[in-house]
Amino acid sequence: MAEQHLDAKQVRKAVKALLGHRQQKNTLDLDAAAFTLQVGLKKAPVDPSPKPRLIPLPHRVRNDQGDRRGCLIVKDADKPWLKALLLDGERPGAKTTRTKLDGTRAAKMARRSESTREAGSNGDDIQIEGIHKVLAMSKLRTSYKQYKDRRELRDRFDDFYCDDRVVPMLGKLLGKSFFDRKRQPISVRVTRGPESLREQLRKADSCARFVLKEGTCAALVCATTDLNEKEIVENAIAACDGLVNCVPKKWRNVQSVVLKLPDSASLPVFA
């Protein structure tokens, strides 16, 4: 069966109706409202994953980048140079090796070494925005053992990122508090260097984040009322295509697609 895509005219009608509804109901509300795209599936996914997936959008949804606070979770050996890079703007120095300190079985039995970098010994500064704290795994284990501590950490930052090598260990350490609020960290590869890390953070900040959960309803925020009508329509279509590509059987498993605002009815754009 050929893939079916949204009709731009139908999406435009829904967007226009939702914008009109908001203008009539919230004439004095200056805060932006989020457009949520909801896709109804015929069959629920058999292998849901808590790992966030990034869906590229034509127009940036979050316009408050300067006010957002980000936290990067990394291995102990990588914290010094990443902290110097992200908080002080210092380029990392030469590569070196250190004994593993993450409490892994390899560290306890074989005392193997892992490669890392020296902090801030390579000259020119580099500007990478979005990260306000670099958190080592050992600190996460010891200082955030209690639920109230993890909840405080969750609420202190807007965005969370992590080294892709520590992803398997974060589920138990972060706990249900993060997953219920969809605050799972976005994985990045810190070993590729400063320029690559900056590009990965920029990409993560400009994409919609989607988590494939259990059940037959998949949803994500695709736009806000800060965008104009044309931009909202383009974002909604791109978000739907990206979301559908993440579900089993793709468009053959799609039963309905609706668009809504927080205080509005759901308007169908595909059925």
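Arg12 is partly exposed in this predicted model. Its relative accessibility is 36%. That value falls between the cut-offs of 20% for buried and 50% for exposed, so Arg12 belongs to the partly exposed class. Arg12 sits in helix α1, which covers residues 8-25. On the surface, Arg12 joins Lys9, Lys13 and Lys16 in a patch of positive charge.

Aromatic contacts were examined next. A pair of aromatic rings is described by the distance of the centres and the angle of the planes. Three aromatic pairs were counted. In one of them, the ring centres of Phe157 and Phe160 are 5.9 Å apart. Their planes meet at 75°. An angle over 60 degrees counts as edge-to-face, so the pair of Phe157 and Phe160 is edge-to-face. Phe157 and Phe160 are both buried. Phe178 also enters the picture: ring pairs connect Phe157, Phe160 and Phe178 into a cluster.

Trp251 and Phe270 make another aromatic pair. The distance from centre to centre is 5.1 Å, and the planes lie 70° apart. This pair, too, is edge-to-face. Trp251 is located in the loop between α9 (229-244) and β11 (254-260). Phe270 belongs to strand β12, residues 267-270. The two residues are 19 residues apart in sequence, so their pair ties together separate parts of the chain. Trp251 is buried, and Phe270 is buried as well.

Notes:
Residues are numbered from 1 along each chain as its sequence is written. This is a predicted model: local features need pLDDT of at least 70, side-chain atom pairs count only at pLDDT 80 or more; totals for chains, interfaces and linings use all residues. Side-chain values use heavy atoms; hydrogens and water are left out. Rings of Phe, Tyr and Trp (its six-membered ring) pair if their centres lie within 6.5 Å; planes under 30 degrees apart count as stacked, over 60 as edge-to-face and the rest as tilted. Buried means under 20% relative accessible area, exposed over 50%, partly exposed in between (1.4 Å probe, protein chains only). Helices (H or I, at least four residues) and strands (E, at least two) are DSSP runs, numbered from the N terminus. Patches are made of residues with over 30% relative accessible area and no salt bridge: like charges are joined within 9 Å, nonpolar side chains (Val, Leu, Ile, Met, Phe, Trp, Tyr) within 5 Å. Accessible areas come from the Shrake-Rupley method with a 1.4 Å probe; for residues, only the protein chains shown count as cover. A salt bridge is a side-chain nitrogen of Lys or Arg within 4 Å of a carboxyl oxygen of Asp or Glu. Lys and Arg count as positive and Asp and Glu as negative; His and the chain ends are not counted. The place of a charge is taken as NZ of Lys, CZ of Arg, CG of Asp or CD of Glu.
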